[in-house]
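Here's a quick briefing to read with the model open. Take a look first, then we'll go through it topic by topic.

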Amino acid sequence: GRWAAIGPQSVWTSGAGTSWTLRSVRGITPVQAGDQVTVLRRTATGFLAAGRTAAGGPVLWTSSDGISWRRLGPAQLRLAAPAGGPAGPVTAVAVTGRTTVIATGPLTASGAAGPSMGGGGLWRSTNGGASWSPVPVPGGHGVTGPVAGLAAAGGTLVAVRPGQAHGQADAVVFTSPDGQNWAFGATIGGPGGAGLTVQNVSGGPSGAVVSAVSGPAVLAFTSASGASWQAAGTLSSTTGGTITGLATTSGGAVVAAGSSAGQVGQQPLLTVDRAGRSTPVSVSAIPGASEAELSLAAIAASGSSQVAVGSANGFPATWFSADAGTTWSRGAGATAAVLNRPGLQELSGVAEGDRGWVAVGGVQSAAPQHPVVVTSADGRSWQAADGAAPFAGPGLFTTAVAAGPAGYVVVGRQVSGGHTVAAAWWSAGLTGWQRAGDAAAGALDQAGASRQMLAVTAVAAHGGFAAVGSAGTHPAAWTSVDGRTWQAVTLAVPPPAASAELTQVTASGHALVAVGRATTSSGLSTPFAAVSKDGGITWQESSLPSPRGAAAVDSVAATGGGFTAVGTFGAQGGQDVAIWTSTGGASWEVNSPSVTGLGGQGIQEITALAASGSTLTGVGFSATSTGETPTIWRSPIRN
């Protein structure tokens with residue numbers, strides 16, 4: 001009787017599936033930076049969500065109601081690959097009765113399931129995901145890779161692995177009544193002996209369904225029990241769209257959902273196939289099903305010029321203002337491919353320097369992960385810079401950018417072999433990017449605890465840069481005099497938290513102020529701040545008070561004679577904007593104005609700040625159960 005839906009920045013619940021309540025605009029919580037949800041299933045005791053950590057390991061969340069969640073990371077799951085090494089990300093989940101089975105893929109440089117057979121495993125739980133035991137992975141019959149998908153076909157569990165026969169790729173299916181003991185079920189091949197590659201596996205009371213690419217077509221196959229399979233029609237062409245979800249009805253129809261790329265962004269794709277009779281469904285004809293997407297994630301100012309970045313209909317997007325944020329116009333790529341990119345991609349950071357503007361971001365879903373880096377001389381017309389060799393390595397993520405007298409710096413992380421290292425790139429202008437290195441050994445890539453940079457700022461006092469993020473469970477900061485080489489310092493975890501990370505940083509003179517979140521062992525998160533008066537060598541931490549209930553901090557900016565931070569407070573689904581101010585960064589006062597866009601029904605959030613003269617501009621959104629509206633907030637600087 002309960003439903004849940006999870007997106008990268010949202011959690012919704014419903015009692016009947018016809019009306020929904022927005023519970024979170026931060027996605028599933030608690031999370032650690034880099035966590036990604038890829039699977040959501042209903043269990044006998046509630047819900048189970050699963051995916052990968054920043055280092056590419058397995059992570060699960062369990063919930064009884066879809067609202068409050070418990071995170072189980074690698075340390076709690078205690079999963080090990082069959083060869084004895086760490087397990088990879090959770091790639092598939094199937095549930096029947098009180099039995100849940102998960103598949104983990106091998107670790108690769110990008111943290112995704114790779115083509116080799118090493119490192120994959122199957123795990124079984126009978127208590128809603130609280131504890132897991134390994135089960136033998138079924139093999140033989142020409143299998144060539146780890147489990148590609150799991151499903152429940154009625155009361156039977158189905159596992160699908162890629163295989164090969166007579167020189168052609170196929171799919172090998174295994175079945176189990178209990179998730180413990182598996183037997184060969186069938187082989188699925190392409191039409192006329194052609195090869196095929198499995199994309200999606202799903203199931204339900206009426207049976208299981210598989211989508212697979214064979215030549216230029218995306219085909220569907222169905223089975224009542226996993227032992228014999230029938231071709232069920234063509235869902236799409238490989239150039240016409242991406243199939244991301246499947247279902248099969250009691251009448252034998254296959255319903256496929258996904259997206260197709262058009263000139264105005266990613267558009268929903270829905271197809272119903274009945275034994276070879278494929279019927280595209282017009283999503284725009286379904287009341288309330290089609291809605292333009294627009295998200296503002298970051299903003300930067302240079303005099304009266306401002307650039308805001310985010311996404312629009314799944315594409316990276318920019319906006320320009322020449323009058324300090326009063327009026328705005330949409331930016332454009334020098335060619336369509338600069339911003340009109342496959343999958344769902346977004347921009348998360350922007351900065352302005354002597355040569356112009358740089359914006360960075362990444363892929364959210366439905367496309368191979370890679371950095372997104374675009375540049376502009378005027379803030380209106382943009383060029384792609386992520387084709388440069390330093391951005392082409394495996395497992396690279398770009399999250400933030402800053403500009404100063406020494407040039408431009410982009411920061412992020414690189415995931416390699418299950419380990420995450422901090423990553424930074426430097427350029428004197430808008431071209432000629434270089435990968436930054438260590439000023440002190442191990443500053444960016446020390447063995448042991450994973451490191452990542454989440455934010456960066458220019459430090460005008462010495463012409464260099466400062467970045468913040470995490471090193472293992474500790475907050476971390478980095479400094480550089482030129483952006484090319486870096487040194488690091490690890491901060492204490494604020495008690496009584498078990499882990500913490502810094503997510504934003506700003507500078508005023510020699511003072512650096514960073515904000516972030518501290519998380520207890522039970523998953524409770526609280527906002528905190530850290531200030532350095534000596535350019536990032538030593539730091540003093542302090543808590544950020546909440547006006548009421550739980551709070552979180554999103555951004556911080558140097559304003560006038562002090563600092564201003566913004567975030568949210570309140571119960572899930574009813575958060576309002578909190579504004580913190582401080583003179584020196586060591587102690588903070590909080591305010592919660594009840595004006596439109598900052599307080600009221602639903603969720604209000606300001607996600608980024610930029611100071612321009614005597615005006616502070618923030619970007620964010622207001623969200624209710626009926627929709628989401630971007631917010632641009634302007635206020636005189638008061639400190």
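Is Ala324 buried or exposed? Ala324 counts as buried, because its relative accessibility is 15% and the cut-off for buried is under 20%. Keep in mind throughout that this is a predicted model.

**Overall build**

- This is strand country: the protein has 52 strands and two helices.
- With a radius of gyration of 25 Å, against the 26 Å that the globule rule gives for 639 residues, the protein is as compact as a globular protein of that length.
- Taken along the principal axes, the box filled by the C-alpha atoms is roughly 70 × 50 × 50 Å.
- Buried residues make up 53% of the 639 in the protein.
- Among contacts with a separation of 6 or more, 44% are between residues 24 or more positions apart.
- The accessible surface adds up to about 25000 Å², and carbon and sulfur atoms account for 52% of that.

**A hairpin to look at: β29 and β30**

- Strand β29 covers residues 344-353, and strand β30 covers residues 356-365.
- The two strands run antiparallel and are joined by nine bridges.
- Two residues sit between β29 and β30, which together form a hairpin.
- If you want a spot to check the register, Val350 has Ala359 in β30 as its bridge partner.
- β29 is mostly covered, with seven of its 10 residues buried.
- As background, side chains in a regular strand alternate between the two faces of the sheet.

**Aromatic pairs**

- You'll find three aromatic pairs in the structure.
- One of them is Phe174 with Phe184, an edge-to-face pair with the centres 6.3 Å from each other and 75 degrees between the planes.
- That pair links distant parts of the chain, 10 residues apart: Phe174 belongs to strand β14 (residues 168-176) and Phe184 to strand β15 (residues 183-188).
- The partners differ in cover: Phe174 counts as buried at 1% relative accessibility, whereas Phe184 is partly exposed at 37%.
- Elsewhere, ring pairs tie Phe391, Trp425 and Trp433 into a cluster.

**Arginines over rings**

- Arg413 places its charged end over the ring of Phe397, at 4.0 Å from the ring centre.
- Arg484 does something of the kind with Trp426, lying over its face at 3.9 Å from the ring centre.

**Backbone oddities**

- Some context for what follows: most peptide bonds are trans, and most residues other than glycine have a negative phi.
- The Thr29 to Pro30 peptide bond is cis, with omega near 5 degrees; Pro30 is found in the loop between β3 (21-24) and β4 (36-43).
- Pro495 and Pro496 are also joined by a cis peptide bond, here with omega at about 5 degrees, and Pro496 is in the loop between β41 (485-490) and β42 (499-508).
- His141 has a positive phi, near 60 degrees, despite not being a glycine. You can find His141 in the loop between β11 (133-135) and β12 (149-153).
- Ala324, from the opening question, is another residue other than glycine with a positive phi, again near 60 degrees. Its loop runs between β26 (315-321) and β27 (329-330), and Ala324 is buried there at 15% relative accessibility.

Note on methods
Residues are numbered from 1 along each chain as its sequence is written. This is a predicted model: local features need pLDDT of at least 70, side-chain atom pairs count only at pLDDT 80 or more; totals for chains, interfaces and linings use all residues. Side-chain values use heavy atoms; hydrogens and water are left out. Rings of Phe, Tyr and Trp (its six-membered ring) pair if their centres lie within 6.5 Å; planes under 30 degrees apart count as stacked, over 60 as edge-to-face and the rest as tilted. Helices (H or I, at least four residues) and strands (E, at least two) are DSSP runs, numbered from the N terminus. Buried means under 20% relative accessible area, exposed over 50%, partly exposed in between (1.4 Å probe, protein chains only). A charge sits over a ring if NZ of Lys or CZ of Arg is within 6 Å of the ring centre and within 35 degrees of the ring normal. Two strands pair if DSSP finds at least two bridges between them. The radius of gyration is taken over C-alpha atoms; the globule rule is 2.2 Å times the number of residues to the power 0.38. Contact means heavy atoms within 4.5 Å. Accessible areas come from the Shrake-Rupley method with a 1.4 Å probe; for residues, only the protein chains shown count as cover.
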